[in-house]
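Open the model in your viewer and keep the sequence panel in sight. The stops below go from the whole chain to single helices and then to ring pairs.

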Amino acid sequence: MSSHPLYLEALAAFDRLQAEAAAVGEPDSTAMYVATADAQGIPSLRTVLLKEHDERGFVFYTHLDGRKGRELIANPHAALLFHWPRIGLGVQYRVEGRVSVVSDAEADAYFASRPRGSQIGAWASHQSEPLASREAFDEACSEVESRFDGMDVPRPPRWTGFRIEPNAIEVWYAGEFRLHERWHYVRDANSGDWSKTLLFP
């Protein structure tokens, strides 16, 4: 966790822009693309929802045994992209960093806050694995619902969160004629200090 002024400036920009995205009607200001790579460096990309963020980093939740979970365990680095096209001519907020698994207490607290249907689905889904039919998944959900009937649904043991601790952040403001404004924040790997640079479009 860093309290360097430039890092805090970059995080404050995220809070301001996400709030503006919500205010101007972005369908979901928490939606972000998450890029991972396997142990051989082969990349993959998908959209997930940001659930928490603070000075420690950006958090989302998933199954450890799904594709992104397996890749993040094998290669604990990720890149995030928030794209809010309704702000001005468009804004992108990019994050690159090292990934770690959140604590059990954090994962338990978030899982307990989810709707019951989402909790049931987390138990029933073997994320990213082949599924015989939608009916088979519905049956699995019904079985889980029966198993936990009349009681709180506990967090599945292989379901948790990942935190991306930034080592680079870019705030990208779209400009006319593709003359964009790009601010790049980078943490020095040795000193931990942050620098800020304006990049060519």
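**Whole chain**

Show the chain as a cartoon and follow it from the N terminus: the elements run α-β-β-β-β-α-β-β-α-α-α-β-β-β. That order comprises 5 helices and 9 strands; helices (H or I, at least four residues) and strands (E, at least two) are DSSP runs, numbered from the N terminus. This is a predicted model, in which local features need pLDDT of at least 70 and side-chain atom pairs count only at pLDDT 80 or more, while totals for chains, interfaces and linings use all residues. Residues are numbered from 1 along each chain as its sequence is written, and side-chain values use heavy atoms, with hydrogens and water left out.

Along the principal axes, the C-alpha atoms fill a box of roughly 55 × 40 × 30 Å. Of the 201 residues, 39% count as buried; buried means under 20% relative accessible area, exposed over 50% and partly exposed in between (1.4 Å probe, protein chains only). Switch on the surface: the chain exposes about 10,900 Å², and carbon and sulfur atoms supply 53% of that area. Areas come from the Shrake-Rupley method with a 1.4 Å probe, and for residues only the protein chains shown count as cover. Among contacts with a separation of 6 or more, 62% are between residues 24 or more positions apart; a contact means heavy atoms within 4.5 Å.

**Helix 1: Ala10**

Select Ala10, which is in helix 1. Ala10 has a relative accessibility of 0% and counts as buried. What does Ala10 touch, not counting residues up to four places away in sequence? The partners are Tyr93, Ile169 and Tyr185. Add Pro166 to the selection: Ala10 and Pro166 are 156 residues apart in sequence, but 10 Å apart in space, C-alpha to C-alpha.

**Helix 2**

Select residues 67–74, which form helix 2, and colour its buried residues Lys68, Gly69, Glu71 and Leu72. These cover an arc of only 165° around the axis, which puts them on the same side of helix 2. The arc is that of the directions from the helix axis to the C-beta atoms. Now show what covers the buried residues of helix 2, including strand 1 (31–37), strand 2 (43–49) and strand 5 (77–84).

**Helix 3**

Move to helix 3 (residues 104–113), where Glu106, Ala107, Tyr110 and Phe111 are buried. Look down the axis of helix 3: its buried residues fall within an arc of 125°, so they line one face. They pack against strand 3 (52–54), strand 4, helix 4 and strand 7. Turn to the face away from the buried side to find the exposed residues Asp104, Ala105, Ala112 and Ser113.

**Helix 5**

Select residues 134–147. The 14 residues of helix 5 should span 20 Å at 1.5 Å a residue, and the end C-alpha atoms are 20 Å apart, which agrees. The expected span is 1.5 Å times one less than the number of residues. Which residues of helix 5 are buried? They are Phe137, Cys141 and Val144. Their arc around the axis is only 65°, which puts them on the same side of helix 5. Helix 4 (116–124) is included in what covers them. On the face turned away from the buried side, look for the exposed residues Glu135, Glu139 and Ser146.

**Aromatic rings**

Show the side chains of Phe, Tyr and Trp. Their rings (for Trp, the six-membered one) pair if the centres lie within 6.5 Å; planes under 30 degrees apart count as stacked, over 60 as edge-to-face and the rest as tilted. By this rule there are 15 aromatic pairs.

Zoom in on Phe14 and Tyr93: the ring centres are 5.0 Å apart and the planes are at 65°, so the pair is edge-to-face. Phe14 belongs to helix 1 (residues 5–23) and Tyr93 to strand 6 (residues 91–101), 79 residues apart. Phe14 is buried, with a relative accessible area of 0%, and Tyr93 is also buried, at 0%.

Next, select Tyr61 and Trp159, whose ring centres are 5.4 Å apart with planes at 15°, so this pair is stacked. Tyr61 lies in strand 4 (residues 57–63) and Trp159 in strand 7 (residues 159–173), so the pair ties together parts that are 98 residues apart in sequence. Both Tyr61 and Trp159 are buried.

Return to Phe14 and add Phe58, Phe82, Trp84 and Tyr93: ring pairs link these residues into a cluster.

**Last stop: Lys196 and Trp183**

Select Lys196 and Trp183. The charged end of Lys196 sits over the ring of Trp183, 4.5 Å from the ring centre. A charge sits over a ring if NZ of Lys or CZ of Arg is within 6 Å of the ring centre and within 35 degrees of the ring normal.
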